[in-house]
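Reader: I would like to go through the charged and aromatic contacts in a protein model. Could you take my questions in order?

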Amino acid sequence: MKIPDSAALKASSVPSKKKPLYRSLFFQILIAVVAGVLIGHFWPDLGSQLRPLGDGFIQLIKMIIAPLIFLVIVTGISAVGDVKAVGRVGVKALLYFTAATLFALVFGLIVGNVVQPGAGLNIDPSTLSQEALDAKTGHAVPKDAAAFILDVIPTSVIGAFASNSLLQVLFFSVFFGAAIVVIGRERCMPVISLMETVLELIFKIMSWIMKVAPIGAFGAMAFIIGQYGLDTLGTYAMLIAACYGAAVVFIGLLFVVAWSFARVPLWQFLKYTREEFLLALGTASTEAVMPRIMTKLTNAGCSRATTGLVVPTGYSFNLDGAAIYLSISLLFLAQAFGHHLDLGQQLAALGVLLLTSKGMAGVPGSSFLALSATAAALGIFPVAGVALLLGADRLMDSMRVVVNLLGNCVATFVVSKWEGQFDRSVMVRAFRGEITNHDSAVMLGVEEDFQEQELERISGGGQASPKFRGGPSPDEMPEFQMSRPSAAINHE
């Protein structure tokens, strides 16, 4: 940020011109998604060949996710300065995730029992092939609880970063941040300052990557429609209607939770994060928007430490959309084979799904693995029957992505409020379009807009914005400031 002069200060009082529509990221992604659907539908062969565009964009995002999570969590914990507070955030997040997932599974079972999406299909088990299911899951088997817990602990820190194992990176990050707190911020200041500088570089790289987001959304959507087509909608009409209808109702419940616990108007939040949700829909991936959604949450009043802990953990532990899909699909398969599950069997299935649905993020064919494990445990229909969902699974991505992402955002607001690390006044400012901290401006690529807002704030007698939400103010940590507008103004 440049040091402002008196001319710039006067100019800051002049309202800035509104950006042209074509420069809006939301508009660009929307056009790209529509174009991808049209290409995939009318020229399916061409659409199927455009997959590298979507995959390439997601790989660009994955390139920075591991270091981003590490730096965000470590600097956030060091700013909080309380190891016990970090532990409380983790426990509260896991409690919320377990309750939310359990409710989503129960809700899905209720919808499946009411709608009966698989009734009347009368599928013959002898017509099924295990090979198609094995190809989707890569012959993987679900992990038991002990294996899952051990897998969270990295055998090599470098290996965790190299393989993008988010839970392992998070695990090491918490230890690293806690060590800084115990040793002392002042003694570790050179390390913290270096991390802040590197993090700012990653934020800048992320802002560049987002400039090609419309290309990634175009390629991903063209591939999905070209490969699977729109005709599949009719084949699984009842299952699709049940899942999407349940998702709409569940989102309505998230509105209530967000407002009741943290006084967050979720509709305004969706408007505030429309670019991220549209990009997640276009790429059928929540990972594609993880860095941006974390930035938007910290800009909206959640502390960096809480956001850095809750969001990455939620990507493995709080898959509400996937939970709804799993429970409805289980009943769909049972009904398709002519089986009626009694209450005891459904409760047993609920327990198996609760365990197998955890830690599945990023695992190929994760939903099929969870359903296969449940089918094997219950023994009421052949495991190969899960292959019936191969045609519909991709069509469920939009539902799962939106509910998973929104569920994790609500979890972040709830846990931040629960821990006292949420500033609602800052959220109101963010929803009005303001940038409330320095790092968010860099990540979102709006440094010039932020500079104008800061000049106007300071000239009106307001305080300079912090480095990051829940972090140091410019006066407390001058080493973190690239420039100090307040100092320049006072000097004049």
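Author: The answers below deal with salt bridges first and aromatic rings afterwards. The model is a predicted one.

Reader: How many salt bridges does the count come to?

Author: A salt bridge requires a side-chain nitrogen of Lys or Arg within 4 Å of a carboxyl oxygen of Asp or Glu. By this rule the count is 12.

Reader: Which side chain meets K92 in a salt bridge, and where does that partner lie?

Author: K92 belongs to helix α5, residues 83-115. The N to O distance in its salt bridge with E419 is 2.7 Å. The two residues are 327 apart and link distant parts of the chain, with E419 in the loop between α22 (397-418) and α23 (424-431).

Reader: Is E419 buried or exposed?

Author: Buried means under 20% relative accessible area. E419 has a relative accessible area of 12%, and its partner K92 has 14%. Because 12% falls under the cut-off, E419 is buried.

Reader: How far apart are the closest N and O atoms of K296 and E276?

Author: K296 lies in helix α16 (residues 290-299) and E276 in helix α15 (residues 274-283), 20 residues apart. The two form a salt bridge, and their closest N and O atoms are separated by 3.0 Å.

Reader: Why does K296 count as buried?

Author: The cut-off for buried is under 20% relative accessible area. E276 passes it at 2%. K296 counts as buried because its relative accessible area is 6%.

Reader: Which residues are linked with E276 in a network of salt bridges?

Author: K296 is a salt-bridge partner of E276. The network that holds this pair also takes in two further names, so that E276 is linked with E275, R292 and K296.

Reader: Which residue forms a salt bridge with D439, and is it buried or exposed?

Author: The closest N and O atoms of this salt bridge are 2.2 Å apart, and the partner is R304. D439 is in helix α24 (residues 438-443) and R304 in helix α17 (residues 304-317), with their positions 135 residues apart in the chain. Like D439, R304 is buried.

Reader: Turning to the rings, how many aromatic pairs are there?

Author: Two rings pair if their centres lie within 6.5 Å. By this rule the count comes to 15.

Reader: What kind of pair do F269 and Y272 form?

Author: These residues are 3 apart in helix α14 (residues 266-272), which means about one helical turn separates them. Planes under 30 degrees apart count as stacked and over 60 as edge-to-face. The planes of F269 and Y272 are at 50 degrees, with 6.2 Å centre to centre, and the pair is tilted.

Reader: Why is the pair of F269 and F413 edge-to-face?

Author: F269 is buried at a relative accessible area of 0%, and F413 is buried at 1%. Their ring centres are 5.3 Å apart; the pair is edge-to-face because the planes stand at 85 degrees.

Reader: Which parts does that pair tie together?

Author: F269 and F413 are 144 residues apart in sequence. Since F269 lies in one helix and F413 in another, the pair ties together helix α14 and helix α22.

Reader: Which residues do ring pairs link into a cluster?

Author: F269 pairs with Y272 and also with F413. The cluster linked by ring pairs consists of F269, Y272, F413, F422 and F431.

Reader: Over which ring does the charged end of R400 sit?

Author: For a charge over a ring, the atom must be within 6 Å of the ring centre. R274 lies over the face of F26 at 5.7 Å. The charged end of R400 is 4.6 Å from the centre of its ring, which belongs to Y325.

Technical notes: Residues are numbered from 1 along each chain as its sequence is written. This is a predicted model: local features need pLDDT of at least 70, side-chain atom pairs count only at pLDDT 80 or more; totals for chains, interfaces and linings use all residues. Side-chain values use heavy atoms; hydrogens and water are left out. Helices (H or I, at least four residues) and strands (E, at least two) are DSSP runs, numbered from the N terminus. Buried means under 20% relative accessible area, exposed over 50%, partly exposed in between (1.4 Å probe, protein chains only). Rings of Phe, Tyr and Trp (its six-membered ring) pair if their centres lie within 6.5 Å; planes under 30 degrees apart count as stacked, over 60 as edge-to-face and the rest as tilted. A charge sits over a ring if NZ of Lys or CZ of Arg is within 6 Å of the ring centre and within 35 degrees of the ring normal.
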